[in-house]
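Please work through the exercises below with the sequence and the coordinates at hand. Each task is followed by a worked solution.

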Amino acid sequence: MIEQVIFFALAAVAIISAIAVVLSRNLFHAVMILGGFLLTIAGFYFLLNADFVGIMQVFVYVGGVIVVMLFGIMLTPHEANITNAAKLQQKLGTYIAVAALIGLLAMIFIRTTFITSPAEPVKDTVSLAGKLFMTNYVLPFEVISVLLLAALVGAIIVARKEEH
Amino acid sequence: MNVPLEWWLILSAVLFGIGLIGVLLRRNAVMILLSVELMLNASNLNLVAFSRYITPNLASGQMFALFVMAVAAAEVAVGLAIILSIYRNVRSVDLDDFNIFRW
Amino acid sequence: MNLTINWSQVNWLALTPEMIILGFSIIVLLGELFLSKTSKHMLGAVTLVGLVASLVSLGYIWNLQATEFNGMFSVDLTANVLKAILLVTTALVVLGVLKVNVLMGEGEFFSLLLFSVLGTMFMASSADLIMLFIALELTVLPSYILTASKKTRQSTEAALKYFLLGMISSVILLYGMTLLFGLTGETNFAAIAGKLAGHPIQPALVASMLMIVVGLGFKIAAVPFHFWAPDVYEGSPIPVASYLAAGPKAGGFAAIIHLFPLAFGVVAPAWAGVFAILAVASMVVGNLVALSQTHVRRLLGYSAVAHTGYLLVGLAVATKLGYASLIFYFLVYSLAALGAFLVVLALAERGFGENLKDFAGFSRRAPMLALAMAIFMFSLVGVPPFAGFMGKLYLFREAVRSDLIWLAIVGVLNSVISFGYYVTVIRQMYLVSPSEGEAVARMQVSKPLFASIMIIMAAVIVLGVYPNAFLSIIKL
């Protein structure tokens, strides 16, 4: 029962903040609300017994991605307020289409039988994740380090000013 | 767990849809980036929820979610660098100000 | 759960081509840091050595069948052939640009190129959803950066469009993958197939399949997910466009060939039908829009979309022979497209524009290059005796064998339409003289670029006359 209450409370916060991000007219506000949204997602992860993923969500997303985004916004010093150019008909059409898509997905999820397992969830996810990274998932772990290197080099190449 | 799996999936579908609205309606490149982040988090929520309900004693879904986070961080860094670079050229990050954005 | 990995049991031989590429990409990156400005031009040659070394090691494990790292990475003939095509085309790009200004630090350019090649190779070998997703990102992320590297307005705009559409398609792909994981609790392709076999088809499986088609359809530039391709081919620096036109699609096709028959084997007719529809849409849209293009690289971009359509015929057929003919056509197409891009590069290096009218009198400026360009165009149309003809013959023959005669007819009709714009290029080169007062002087071309174009021309002819030389290697 208590879990359901937490779920609905967090879900309400997540949905409202997601809508606020999408409709925001101010870039800075949008990024800050996104930070709040990402924190509620971390809350969901804790509720799902995925402690390590939740901690990483706070570290990587709230601590990393949001900060990078704030830097990005501040380095492009344009007026923070943005107008939404979409026409009313276009807006309505999109809302209806996306609502239909969500409804369709919900139908699909209800009609599909997922084979759930009653087993107890893993308690110590931190050490399990550590072991998995070094055993079963060692190859993707290495490949992602190459990906991060490429992104690091690439971001510098693209963002630096041309030396003339 | 007292919360059925379907609730999680529907929640993730709703968040995915909200992100999609942002992608389709916003014309500001940074706003589109933020909306895609919403969709990525919806996918990750799916992964962790499935991991909890389908394979609670394994952590493959959680591992997948962790990898997705790293990928998302890399993408944001590169994306913002590209947006920064285009801002230097065009003095705008609004898609309507670009020539070739004729979708 | 087995939480150990026995390093001595890992068949490292299976990974040597990837390890060589990784090693050389790091060497080249460090070279950019430590070499003096004058000696940096060596880095292109180093990259070429790395690609050839990787190709040699690939030949060494050609018939190896292995699955390593708890089912993350698997090697088979399909993966090896596609990797070989990728390495050969990339090596030809590198050879072509050895003496060309790549518009950024040589080390940066070549290391990013190698990172992207590495991602594509891992994509071709991935046997797990996690590995596939990461490898795909490693393929496209350096491509975004390379596209933006020119830093002109056009280059960055193309990169932004590529990046945003790429990210959206990645997240749709990911959502599809999560559903596949949820249905089975597995991320390994074979394990997913095992879990799904014998069970009734779930609605979520169909949704997952459609989402993965959208995600991968973007990467191979199939209509209606092709919007980025013409802009990127036109806007990015020409060496980058040449690479993108040929190599990275190998990863997308390899992923589809490995994933769909396994994970979506139970809904095979559904995805074969989806690919047939995408094939027709890509062929028709690509060819019709290409007809009205005047910018040669944009024209080649739409031609690439049309060729994705032809290639999708192989997936719609959905048989082993269908995939094999897809792979053969992929080689044939990427060689001809790459050759055409390199000819455009040769022109641009001498200060010529890239519009069709800039090709006027090309046959007198550079007879050999004009001949090569004409052969590439004929091969892309599918005129015998060039390679494109044999490629299309095999593809459409498989379509007919699988009772997809209508698809073969659409393909042939489209080839006829495509003649319209390819022949315009040839007409410009041979029949139209340059505007008055312009002296028609012999055009100088850098030797490596010329050599690269000539190698491709020879390959296009040889593959057209003796396709068995290649088919026996891929064991068709």
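The exercises that follow concern a predicted model.

**Exercise 1. The setting of B:F50**

Task: Determine in which helix B:F50 lies, whether B:F50 counts as buried or exposed, and with which residues B:F50 is in contact beyond its sequence neighbours.

Solution.
Step 1. Locate the residue: B:F50 belongs to helix α2 of chain B, which covers residues 29-53.
Step 2. Apply the burial cut-off: a residue is buried if 20 or more other C-beta atoms lie within 10 Å of its own. B:F50 has 30 C-beta neighbours inside 10 Å and therefore counts as buried.
Step 3. List the contacts, setting aside neighbours within four places in sequence: these are B:G61 in chain B, and C:T178, C:F181 and C:G182 in chain C.
Step 4. Compare sequence and space: B:L5 is 45 residues away from B:F50 in sequence, yet their C-alpha atoms are 7.7 Å apart.

**Exercise 2. The contact between chains A and C**

Task: Describe the side of chain A that touches chain C, by helix and by residue class.

Solution.
Step 1. Count the participants: 23 residues come from chain A and 33 residues from chain C.
Step 2. Assign helices: α4 (88-111) and α6 (138-159) of chain A each contribute at least two residues to the side facing chain C. The largest share, 13 residues, is supplied by α6(A).
Step 3. Classify the residues on this side of chain A: 15 are nonpolar, 5 polar and 3 charged.

**Exercise 3. An annotated span**

Task: Characterise residues 126-418 of chain C.

Solution.
Step 1. Consult the record: an unreviewed UniProt entry lists this span as "domain: NADH:quinone oxidoreductase/Mrp antiporter transmembrane".
Step 2. Turn to the model: residues 126-418 of chain C are 80% helix and 0% strand, and their end C-alpha atoms lie 35 Å apart.

Definitions and conventions. Residues are numbered from 1 along each chain as its sequence is written. Chains are lettered from A and ligands numbered from 1 in the order in which they are written. This is a predicted model: local features need pLDDT of at least 70, side-chain atom pairs count only at pLDDT 80 or more; totals for chains, interfaces and linings use all residues. Helices (H or I, at least four residues) and strands (E, at least two) are DSSP runs, numbered from the N terminus. A residue is buried if 20 or more other C-beta atoms lie within 10 Å of its own, exposed if 12 or fewer, and partly exposed in between; C-beta atoms are placed from the backbone. Two residues are in contact if their C-beta atoms, placed from the backbone, lie within 7 Å. UniProt positions are given in the numbering used here, feature names are shortened, and annotations may be inferred rather than shown by experiment. Ala, Val, Leu, Ile, Met, Phe, Trp, Tyr, Cys and Pro count as nonpolar, Asp, Glu, Lys and Arg as charged, and the others, Gly among them, as polar.
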